[in-house]
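Here are some notes to read alongside the sequence and the model. They take up one sheet, the helices that go with it, and a single residue from elsewhere in the chain.

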Amino acid sequence: MRVLVIGSGGREHALCRSLSLDPQVSELHCAPGNPGIEQVAALHPVDPLDPGQVAELAVRLRVDLVVVGPEAPLVAGVSDAVRDAGIACFGPSKDAAMIEGSKTFAKEVMKAADVPTARARTCVTEEEAAAALDEFGAPYVVKDDGLAAGKGVVVTDDRDKALAHARACERVVIEEFLDGPEVSLFALCDGSTAVPLQLAQDFKRAYDGDEGPNTGGMGAYTPLPWAPDGLTEQVMREIVHPTIGELTRRGLPFQGVLFVGLALTSKGPKVVEFNARFGDPETEVLLDRLETPLGGLLMACATGELGLDPVFKDGSAVTVVIASEGYPEAPVKGDVIRGPQESGDAYVLHAGTARQGDEVVSAGGRVLAVVGHGPDQESARRAAYDLVGRIELRGSHHRTDIAR
């Protein structure tokens, strides 16, 4: 099959790397891509947020499948335009993608489906926000209702800071704080059927010890040896199946991947958030361990023919994000990146990079994701950090406690 991947980050590099290893994939394209993806796919300079441009490219390339990586193109209606052009697409419709595009919509769906989640209030005025903060108390959880690239959430004990974030957003969802560790479960969906991938955990705070501001994710690992037995089955039964059932009832069958961010509270797993696409950086580790060829899996989701559960390799994978100076508040771009792209049991995925003459330079906040794998978590972790230590990027920073 001929496949076109939409996006330009670490998640898309992980998708393209896995697709390039699938013997069924005869031709691989990416738009717009990045210098790392260029090593495994042909790049095309289109605007990923323009549904017409993406559909036109897919038709011109005569691809069999389009895989939409980021959330913004989904909410912009890219998958709808591709399907209207007669091409299979992995990624939900614009309306179904509102499960991520609007926190309020997600809460409405969960309430209708009786899915466990935090109590919440949607607020559009400062007075409403202040009342909600007082109702739920500290720690305060304030979420931008719309897309915010993983950085629209503030969790703080400082009421003034929480109110300032609410004031800066057009509409916010303020909710009660959920205790317990957070984990991620991705479910592949074909419109009627859903199957789980492995559990993973990511690290949202910028600095060691979960200090600093929220980011798009500073690292991740899979599997989770400490996770309770039967957790995946419980989440599928109590959360995933009711959610996709409610979407179908509303005339919004979900085709793609439903990302479930969970808090393992003292009262059981509860939904922190839904995403309508693969999470980043969890995708980097999950695809490293995936044994089932990726192309066939994604095509089965896009065509309503999802069958058996995916199979994963034994062992562990850990990814460590190298971020640019100033990330997440004010990332510095344009610094040259030097060092090996792979070493032993580790390799580099490009997240925010660009080509400048003969050099590859930083072009975003999260610049590289370094993936290590091994027979156990500690060996995978060691492999990742050994390669991180050999990469040069002026002013960069990374967490040293991923998967510890």
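1. Strand 6 and strand 9, the latter covering residues 172-175, are paired in the antiparallel sense through four bridges. Within this pairing, alanine 120 stands opposite glutamate 175 of strand 9. Please keep in mind throughout that the model is a predicted one.

2. The sheet to which these strands belong is open and has four strands, arranged in the order 6-9-7-8 with antiparallel pairing. Its edges are formed by strand 6 (120-123) and strand 8 (153-156), each of which pairs on one side only. From one strand to the next, the twist averages 20°.

3. Two helices should be viewed together with this sheet. Helix 6 (residues 103-113) lies across strand 6, strand 7 (140-144) and strand 9, and runs at about 50° to strand 9. Helix 7 also packs on the sheet, where it touches strand 6, strand 7 and strand 9, and its direction makes about 165° with that of strand 6.

4. Helix 7 has a helix partner as well. The axes of helix 7 (residues 126-136) and helix 8 (residues 159-168) come within 10 Å of each other and cross at roughly 145°, and the crossing is right-handed. On the side of helix 7 the contact is made by Glu126, Ala129, Ala130, Leu133 and Asp134, while helix 8 contributes Arg159, Ala162, Leu163, Ala166 and Arg167. Sorted by class, the residues of this contact comprise six nonpolar and four charged ones, with no polar residue among them.

5. A separate point concerns arginine 2, which lies in strand 1 (residues 2-7). Is this residue best called buried, exposed or partly exposed? Arginine 2 has a relative accessible area of 22%, and because the buried class ends at 20% and the exposed class begins over 50%, arginine 2 counts as partly exposed.

6. As for the surroundings of arginine 2, once its neighbours within four places in sequence are left aside, this residue is in contact with Ser26, Glu27, Leu61, Arg62, Val63, Asp64 and Leu65. With one of these residues there is also a polar approach to inspect, in which a polar atom of the arginine 2 side chain lies 2.6 Å from the backbone oxygen of arginine 62.

7. Finally, how far apart in space are arginine 2 and histidine 165? From C-alpha to C-alpha the separation is 44 Å, and in sequence the two are 163 residues apart.

Note on methods:
Residues numbered from 1 in each chain as written. Predicted model: local features only at pLDDT ≥ 70, side-chain atom pairs only at ≥ 80, totals over all residues. Heavy atoms only, no water. Axes fitted to C-alpha atoms, helices over the stretch in contact; angles between N-to-C directions. Left-handed = near helix turned anticlockwise from the far one by under 90°. Contact = heavy atoms within 4.5 Å. Nonpolar A, V, L, I, M, F, W, Y, C, P; charged D, E, K, R; others polar. Pairing = 2+ DSSP bridges. Buried < 20%, exposed > 50% of the residue type's maximum accessible area, 1.4 Å probe, protein only. Polar contact = N/O pair within 3.5 Å; in protein donor to acceptor, adjacent residues only side chain to side chain.
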